[in-house]
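Let's take a walk through this structure together. Have a look at the chains below, and keep the view open as you read.

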Amino acid sequence: MMKTIPITDAVALIPDGATLMIGGFMGVGTPERIVDELVRQGKQNLTVIANDTAVPGRGIGKLVDAGLIARTVASHIGLNPETQKQMIAGKMAVDLIPQGTLIERIRSGGCGLGGVLTPTGIGTIVEEGKQKVEVNGLQYLVETALRADFALINAFLADYLGNLSYALTGRNFNPIIAMAADTTIVCADHIVPVGLIAPDHVVTPAPLVDYLIMNG
Amino acid sequence: MIMDAQTIIAKRIARELKTGMLVNLGIGIPTKVANFIPHDVKIFFQSENGLIGTGPIPEEGMAHPLLTDAGGNPVTALPGACTFDSATSFGLIRGGHVDVTVLGALQVDGGGLLANWMIPGKMVPGMGGAMDLVTGAKRVIIAMQHTAKGKPKIVEACTLPLTSARPIDMLVSEMAVIAFKDGKATLLETGPGVTVEQVVAATAAKLVLPDKISQMSV
């Protein structure tokens, strides 16, 4: 059953060294308040699985700025020079994964699958060290499932039960990572009464949410 | 009026896009293609961060923080637009539902293989959606300047890491339109004021030269 929780308590649940999936695409749809609190509490040695590391001073970029990330698993870091600097200096490990493969690996992790078969990366350096299989005459890479200790979600609407809906391009990785972590923590732009989000408009069902961060 | 290289490229590629197509434009010159679509041609533009129906940059004061393109910049959504998560977005891309993708390039080889995502030791931004787009889109068009610092970008074999094992379909530069069919680079058109000899001289891969090579109309 979902619990509502003050932001300081929610972030206190996250230990140093945790693996975090964080929603957002270039900072859009990232739970900014959770990021700020991670920085304030100075969580160390984090592994972050996300589409990108945004830009300095925004979203996941704030975790990079504060030097809190030991490993990043992402599809693109090109717009954050600080991530590149820490990677080149050997302060942060970076695994770069094609975006469609990254999201499918996360989806697999949340859906009880061992991974997916994808043609993306065949014939490139992405295939190095990976198993290849032939299905119906076509070559695929075996891309294994990804899971995390915590999924940190930004929703547009959450009701008191934890049903979530998203707005515009803020959806991106959020509903997929909501299924792929041991503990899912949500920071919503608006918390509304149960029933206000129409059943057809709920994207993430309430039972997937462990903690909803209180306003304030 | 003398047209700059990027405008020539964008205008020529715009002619490849037809009403009803689902199209994904990469960053840089590809983004400019949208500026040259005639008003009566209605394209579904996809932003891979989860939007079909991407419209122009909003008027001042009208940006919404949750309505952005793949670079995180504010865009608008046209009537009939829809939004979706990243798994759906890349299902569209990888699953062959995108009719055309237009992307930039660092190198293209004579067989149409593309390198456009990293320069080892220099530039390691990550592939983002490029590998999925080249692997899955129905048609891949490359928009690029023909040379970089005077050196050909169309080469015998790519020395940079490849983006996909799938060859591109067409390349448009300010000097040429080149089709890649059956593993051969075929010169279809030359750029405004450019001769076939100039294209051949600026290209390091073998070009097939058909009897009729037309001048690019932009």
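In which hand does H5(A) pass H3(B), left or right? The crossing of H5(A) past H3(B) is left-handed. Keep in mind from the start that this is a predicted model, and that every value here is computed from it.

Let's stay with this pair of helices for a moment. The axes of H5(A) and helix H3 of chain B, residues 86–94, come within 9 Å and cross at roughly 130°. That angle makes H5(A) oblique to H3(B), since angles over 145 degrees would count as roughly antiparallel and those from 65 to 115 as roughly perpendicular. If you would like to pick out the residues involved, the H5(A) side offers A:Gln99, A:Gly100, A:Ile103, A:Glu104 and A:Arg107. Facing them from H3(B) are B:Ser86, B:Ala87, B:Phe90, B:Ile93 and B:Arg94. Sorted by class, the residues of this helix contact are four nonpolar, three polar and three charged.

Now zoom out to the interface between the chains. Here 37 residues of chain A are in contact with 34 residues of chain B. On the chain A side, the elements that give two or more residues are helix H5 (99–110) and helix H6 (174–177). The largest share of that side comes from H5(A), with five residues. By class, the side of chain A that touches chain B has 17 nonpolar, 17 polar and three charged residues.

One loop residue lets you view this interface from another angle. A:Thr120 sits in the loop between strand S6 (115–118) and strand S7 (132–135) of chain A. Is A:Thr120 buried or exposed? A:Thr120 is buried, because 32 other C-beta atoms lie within 10 Å, and 20 or more are enough for that label. Setting aside neighbours within four places in sequence, A:Thr120 is in contact with A:Pro98, A:Gly100 and A:Thr101, and also with B:Arg94, B:Met131, B:Asp132 and B:Thr135. You have already met two of these names, since A:Gly100 and B:Arg94 also take part in the contact of H5(A) with H3(B). For a sense of distance, the C-alpha atoms of A:Thr120 and A:Gly59 are separated by 28 Å, with their positions 61 residues apart along the chain.

Next, let's look at each chain as a whole. Chain A has six helices and 12 strands. Its radius of gyration is 17 Å, close to the 17 Å that the globule rule gives for 216 residues, so chain A is as compact as a globular protein of that length. The C-alpha trace of chain A spans about 50 × 45 × 30 Å along its principal axes. Buried residues account for 53% of the 216 residues. Of the contacts in chain A between residues at least 6 apart in sequence, 71% join residues at least 24 apart.

Chain B has five helices and 16 strands. With 218 residues, a compact globule would have a radius of gyration near 17 Å, and the 17 Å of chain B agrees with that. The C-alpha atoms of chain B fill a box of roughly 50 × 40 × 30 Å along the principal axes. Of the 218 residues in chain B, 44% are buried. Among its contacts between residues at least 6 apart in sequence, 64% join residues at least 24 apart.

Back in chain A, A:Ile22 is worth a click. This residue is found in strand S2 (residues 19–22), and counts as buried because it has 29 C-beta neighbours inside 10 Å. Leaving out residues up to four places away in sequence, A:Ile22 touches A:Thr30, A:Val48, A:Ala50, A:Ile60 and A:Leu152. A:Ile22 and A:Asn51 are 29 residues apart in sequence and 8.4 Å apart in space, C-alpha to C-alpha.

Finally, a stop at the backbone torsions. Most residues other than glycine have a negative phi. A:Ala54 has a positive phi of about 50° although it is not a glycine. Its place is in the loop between strand S3 (46–49) and helix H3 (60–65) of chain A, and A:Ala54 counts as buried, with 27 C-beta neighbours inside 10 Å. A:Asn136, also not a glycine, has a positive phi of about 50°. A:Asn136 lies in the loop between S7 and strand S8 (138–144) of chain A. With 5 C-beta neighbours inside 10 Å, A:Asn136 counts as exposed.

Definitions and conventions: Residues are numbered from 1 along each chain as its sequence is written. Chains are lettered from A and ligands numbered from 1 in the order in which they are written. This is a predicted model: local features need pLDDT of at least 70, side-chain atom pairs count only at pLDDT 80 or more; totals for chains, interfaces and linings use all residues. Two residues are in contact if their C-beta atoms, placed from the backbone, lie within 7 Å. Helices (H or I, at least four residues) and strands (E, at least two) are DSSP runs, numbered from the N terminus. Ala, Val, Leu, Ile, Met, Phe, Trp, Tyr, Cys and Pro count as nonpolar, Asp, Glu, Lys and Arg as charged, and the others, Gly among them, as polar. The radius of gyration is taken over C-alpha atoms; the globule rule is 2.2 Å times the number of residues to the power 0.38. A residue is buried if 20 or more other C-beta atoms lie within 10 Å of its own, exposed if 12 or fewer, and partly exposed in between; C-beta atoms are placed from the backbone. Axes are lines fitted to C-alpha atoms, for helices over the stretch in contact, and angles run from 0 to 180 degrees between N-to-C directions. Angles under 35 degrees count as roughly parallel, over 145 as roughly antiparallel, 65 to 115 as roughly perpendicular and the rest as oblique. A crossing is left-handed if the near helix is turned anticlockwise from the far one by less than a right angle, and right-handed if clockwise.
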